[in-house]
Amino acid sequence: MSKARLAVKKWSSQQTIVGVGDLFFGGQDLVVIAGPCAVETQEQMDIIGRGIRAAGAQALRGGAYKPRTCPYDFQGLAEDGLKMLARAGKKAGLPVVTEVVAPEHVPLVSRYADMLQIGTRNMSNFELLKAVGRSNRPCLLKRGMSATLEELLMAAEYIMAHGNPRVVLCERGIRTFETYTRNTLDLSAVPALKELTHLPVVVDPSHGTGRRALVEPMALAAVAAGADGLIIEVHHDPDHSWTSDGQQSLDLEAFQRLMSRARALWQTMQQVNPRPRINQRPSRMPAFSERIGNAARVLN
Ligand code: PEP
Ligand code: MN
């Protein structure tokens, strides 16, 4: 029995739809966030932004503050990187998602980002969770690499309890004894979370596997498991990426292939296991209001 109050389901069909601008997580459409691990240059971000948009992605990602295991590795471009990301998002017409690593950075990152990402290494950084809870930006909360689902829900609870109900959960792989893959992508977390919480759930098969060849199969498996969305690392030239995550990054062509297959599978899944129809685009929805049609709550 979870100690969470806000993050857990109160009735079995309860579903929260988290709005990020015109984008809705947890509704009728598969939401795909794509982009490089790290922001490198404006040109890189512009090429990738254009490319993923053409392939059908709905949001652009890119880290400007990179929590790296080694202090000598590239740490991100900080505010310069945020500016490049925001510019590229604007040019491509896509909202942007980026990681925030410290509570004192939340106001700065919120100025540029449409959605704040909390990374696996910070899922239990309670001061950061509280600061994101006090912000007015929706949050993509990644599962800690050694966190149980209850711990993930309690991290979401922190954000919600501090005033921010717009939380999207992300399964990104956990540590196991297996070393062939970077992490073990726990896809059972998707239906398990769907049982436990009304929050949308997305899957990151890039960090979940660490291997380019495994990203598309696991992305499709995530859709089949009932995920509301995907976050995929994409680089226009993955072998020259500034971070080691190039090995798990798709090039634009491979990403386009993934998108068309994921969309086809999403359509099939709607026939096999249809989602309740919800009006996702309420005209002039006031901030944080509730929409009870089909037991859904739309937060935008
Ligand atoms: C990332 O998204 O680039 C990232 C660092 O993810 P994670 O926190 O899941 O390792
Ligand atoms: Mn990465």
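Okay, let's start with Ile52, which sits in helix α1, residues 42-55. Keep in mind that everything I'm showing comes from a predicted model. Ile52 has 0% relative accessibility, so it counts as buried. Leaving out anything up to four places away in sequence, Ile52 touches Ala34, Ala57, Ala59, Leu60, Leu94, Val234, Leu252 and Phe255. There's a long-range pairing here too: Glu253 is 201 residues away along the chain, yet the two C-alpha atoms are separated by 9.6 Å.

Now the metal. Which residues coordinate the manganese ion, ligand 2? The donors are Cys37 through SG, His207 through NE2, Glu233 through OE and Asp245 through OD, at 2.1 to 2.4 Å. If you like sequence patterns, the spacing of those donor residues reads C-x169-H-x25-E-x11-D. His207 lies in helix α7, residues 205-209, while Asp245 is in the loop between β10 (229-233) and α9 (252-272), so this pair ties together parts that are 38 residues apart in sequence. Both His207 and Asp245 are buried.

Those two names come back when we look at pockets. The second largest pocket has a volume of about 350 Å³. It's lined by 23 residues, and nearest its centre are Pro67, Arg121, Arg182, His207 and Asp245. By character, that lining has 11 charged residues, eight polar and four nonpolar.

And the largest pocket? That one comes out at about 460 Å³. It has 23 lining residues, with Gln15, Lys194, Asn273, Arg275 and Pro276 closest to the centre. The elements giving two or more residues to this lining are α8 (212-225) and α9. The split here is 11 polar, eight nonpolar and four charged.

Back to α7 for a second, since Pro205 is in that helix as well. Is Pro205 buried or exposed? At 0% relative accessibility, Pro205 counts as buried. Beyond four places in sequence, Pro205 touches Leu185, Gly210, Val215, Met218, Ala219, Ile231 and Ile232. For a pair that is far apart both ways, take Pro205 and Val8: 197 residues in sequence, and 25 Å from C-alpha to C-alpha.

Next, helix α5, residues 149-161. With 13 residues at 1.5 Å a residue, α5 should span 18 Å, and its end C-alpha atoms are 18 Å apart, which agrees. The buried residues of α5 are Leu149, Leu152, Leu153, Ala155, Ala156, Glu157, Ile159 and Met160. Look at the numbering as you go along that list. An α-helix has 3.6 residues a turn, so residues three or four places apart point the same way. What do the buried residues of α5 pack against? Two helices, α4 (126-134) and α6 (189-196), plus the strands β6 (115-118), β7 (139-142) and β8 (167-171). After α5 comes Gly163, with a positive phi near 110 degrees.

That brings me to one last backbone oddity. Most residues other than glycine have a negative phi. Ala78 isn't a glycine, and still has a positive phi of about 55 degrees. Ala78 is found in helix α2, residues 78-92. At 26% relative accessibility, Ala78 counts as partly exposed, whereas Ile52 and Pro205, where we spent time earlier, are both buried. If you have the structure open, Ala78 in α2 is the place to look for that phi.

Conventions: Residues numbered from 1 in each chain as written. Chains lettered and ligands numbered in written order. Predicted model: local features only at pLDDT ≥ 70, side-chain atom pairs only at ≥ 80, totals over all residues. Heavy atoms only, no water. Helix = DSSP H or I, 4+ residues; strand = E, 2+ residues; numbered from the N terminus. Expected span 1.5 Å × (residues − 1). Buried < 20%, exposed > 50% of the residue type's maximum accessible area, 1.4 Å probe, protein only. Contact = heavy atoms within 4.5 Å. Donors = N, O, S within 2.8 Å, 3.2 Å for Na, K, Ca; no water. 1 Å grid on protein atoms, 1.4 Å probe; cavity = no way out; pocket = protein on both sides within 12 Å on 5 of 7 lines; lining within 4 Å. Points joined across faces, edges and corners; volume = space filled by probe spheres on them. Nonpolar A, V, L, I, M, F, W, Y, C, P; charged D, E, K, R; others polar.
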